[in-house]
Amino acid sequence: MSGISNPLHRVLPYVLKPMSWLYGMVTDVRNWLFDHGVLPVEEFDVPVVSIGNLTVGGTGKTPHVEYLAGVLSSTYNIAVLSRGYKRKTRGFILANSNSTPESVGDEPLQIYLKLGSRIKVAVCESRRKGIMEIIRQFPDTQLILLDDAFQHRYVKPKVNVMLMDYSRPVYDDSLLPYGRLRESAHQVNRADIVVVTKCPAGLSPLSFRLISKKLGLMPYQKLYYTSYSYGPLMPVFTEDNPYHANLAALTARDSVMLVTGIANPRGFVRHFRSYPFKVVVNHFPDHHDFTRSDIEELKNKFLTLKGERKVIVTTEKDAVRMAYNPYFPSSLKQFVFYIPVSVRMVAETEDNDLAGDLMKILG
């Protein structure tokens with residue numbers, strides 16, 4: 001096996017790097033056309049905050065949208081607009097109590113289930129048309145958060161927020177397909193705010209200085225650091241679940257089967273590795289639709305898992321899809337939980353208030 005794979009690994013860079021250079025030229029030309037007014041950009045009276053990244057997935061966009069929407073909803077009438085990736089519908093749709101992952105997408109539905117009583121959540125493949133429809137239907141809207149829109153330049157945001165995963169810094173990455181960058185790393189200069197996400201505990205002052213130096217931000221750009229806080233396990237299928245699971249109560253004699261369908265599950269898995277129980281990981285591609293065979297395979301793995309107590313734990317985003325999955329066997333549902341994630345600021349200095357400073361910019 002190694003005799004076959006090693007030569008391939010040596011050849012791949014020579015194939016992928018030229019493709020990355022070509023891809024970079026295309027994205028640079030596109031950005032130049034926007035920068036010089038050749039391609040149209042529309043600005044709206046209602047302030048728009050774009051939240052996105054330079055890399056493909058895994059920076060924590062949805063938790064940060066939830067964080068900002070949750071904090072800012074006490075001051076503004078907020079709407080969140082997403083394109084609704086992988087939904088099976090078209091056009092503008094407002095999330096409601098009858099929405100499913102198929103109708104609005106898993107991430108918008110997750111946001112709606114968490115914050116739907118306080119904000120509006122909508123999807124539309126055209127951000128421009130979506131914004132106009134939100135303003136038409138809800139003229140009292142005071143702020144629109146655009147989910148995953150750093151590359152969507154047809155709308156000019158009031159504030160551009162760019163997220164960067166601590167473990168995958170843009171300055172150490174390469175353009176697609178050789179790396180994970182959607183655009184050249186120097187496009188970080190388009191951001192008004194840069195947030196380094198998923199920071200580990202105990203970052204030293206030197207780490208903060210190195211990140212800041214390598215990013216090379218302009219004086220007008222602000223830099224923040226965040227990490228994740230994990231809550232107690234919650235049942236995926238029913239709040240009246242008779243089976244209770246508490247991570248702190250599980251011992252080395254117990255087993256937890258993790259199921260992930262997110263772009264970067266390393267932080268999620270790392271959290272569970274810190275416990276004494278046995279951890280078995282099942283990873284699927286981002287936004288994965290669990291098929292009947294997937295569910296059957298997971299069931300068989302769970303039944304053969306060793307342990308006095310056994311549970312299945314998944315992410316919030318995967319829980320949204322699982323809850324609407326028609327193939328999930330009733331016998332397994334009581335053992336399936338998700339772990340809520342919330343964003344918290346990492347204080348490099350006392351002035352590390354992302355939401356507060358964003359309100360100052362908005363005025």
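Let's start with one small pairing: Pro235 stands opposite Phe337 in strand β13. This is a predicted model, and that facing pair is a handy way into one of its sheets. Strands β9 and β13 (residues 336–338) run antiparallel to each other, joined by two bridges. In general, the strands of a sheet pair through backbone hydrogen bonds, in either a parallel or an antiparallel way.

Zoom out a little and you'll see that the sheet is an open one with five strands, in the order β9-β13-β12-β10-β11 and with mixed pairing. The edges belong to β9 (234–235) and β11 (278–283); each has a single partner strand, so one side of each has no neighbour in the sheet. Now look for helix α9 (residues 316–323), which packs on this sheet and touches β10 (255–260), β12 (310–314) and β13. The direction of α9 makes about 105 degrees with that of β12.

Another helix to visit is α8 (292–303). It has twelve residues, which at 1.5 Å a residue should span 16 Å, and its end C-alpha atoms are 17 Å apart, in agreement with that. Which residues of α8 are buried? They are Asp294, Ile295, Leu298 and Phe302. Look down the axis of α8 and its buried residues fall within an arc of 95 degrees, so they line one face of the helix. Over on the other side of α8, Arg292, Ser293 and Leu303 are exposed. As for what covers the buried residues of α8, the list includes β10, β11, β12 and α10 (330–333).

Strands also pair elsewhere in the chain. Strand β2 (residues 78–82) and strand β4 (residues 120–123) pair in the parallel sense, with four bridges between them, and Ser82 stands opposite Val123 in β4. Strand β4 also pairs with β3 (residues 93–94), this time antiparallel and through two bridges. There, Leu94 has Ala122 of β4 as its bridge partner.

What about the inside? Nonpolar side chains tend to be buried together in soluble globular proteins. Here the largest nonpolar core has 34 residues, and Val49 and Leu68 are those with the most contacts inside it. Helix α2 (residues 61–72) gives the most to this core, namely five residues. To get a feel for the surroundings of Val49, set aside its neighbours within four places in sequence: Val49 is then in contact with Leu143, Ile144, Leu145, Leu146, Val159, Val161, Leu358 and Leu362. There is also a second, separate core of 33 residues, and among its members are Met257, Phe277, Phe284 and Ile312.

Finally, a few backbone oddities. Most residues other than glycine have a negative phi, and most peptide bonds are trans. Yet the peptide bond from Leu176 to Pro177 is cis, with omega near 0 degrees. You'll find Pro177 in the loop between β6 (159–165) and β7 (193–197). Lys198 isn't a glycine, but it has a positive phi of about 55 degrees. It lies in the loop between β7 and α6 (205–215), and with 21% relative accessibility Lys198 counts as partly exposed. His287 has a positive phi too, near 60 degrees, and its place is in the loop between β11 and α8. Is His287 buried or exposed? With a relative accessible area of 6%, His287 is buried.

Note on methods: Residues numbered from 1 in each chain as written. Predicted model: local features only at pLDDT ≥ 70, side-chain atom pairs only at ≥ 80, totals over all residues. Heavy atoms only, no water. Pairing = 2+ DSSP bridges. Contact = heavy atoms within 4.5 Å. Axes fitted to C-alpha atoms, helices over the stretch in contact; angles between N-to-C directions. Core = buried A, V, L, I, M, F, W, Y, C linked by side-chain atoms within 4.5 Å. Buried < 20%, exposed > 50% of the residue type's maximum accessible area, 1.4 Å probe, protein only. Expected span 1.5 Å × (residues − 1). Arc of directions from axis to C-beta.
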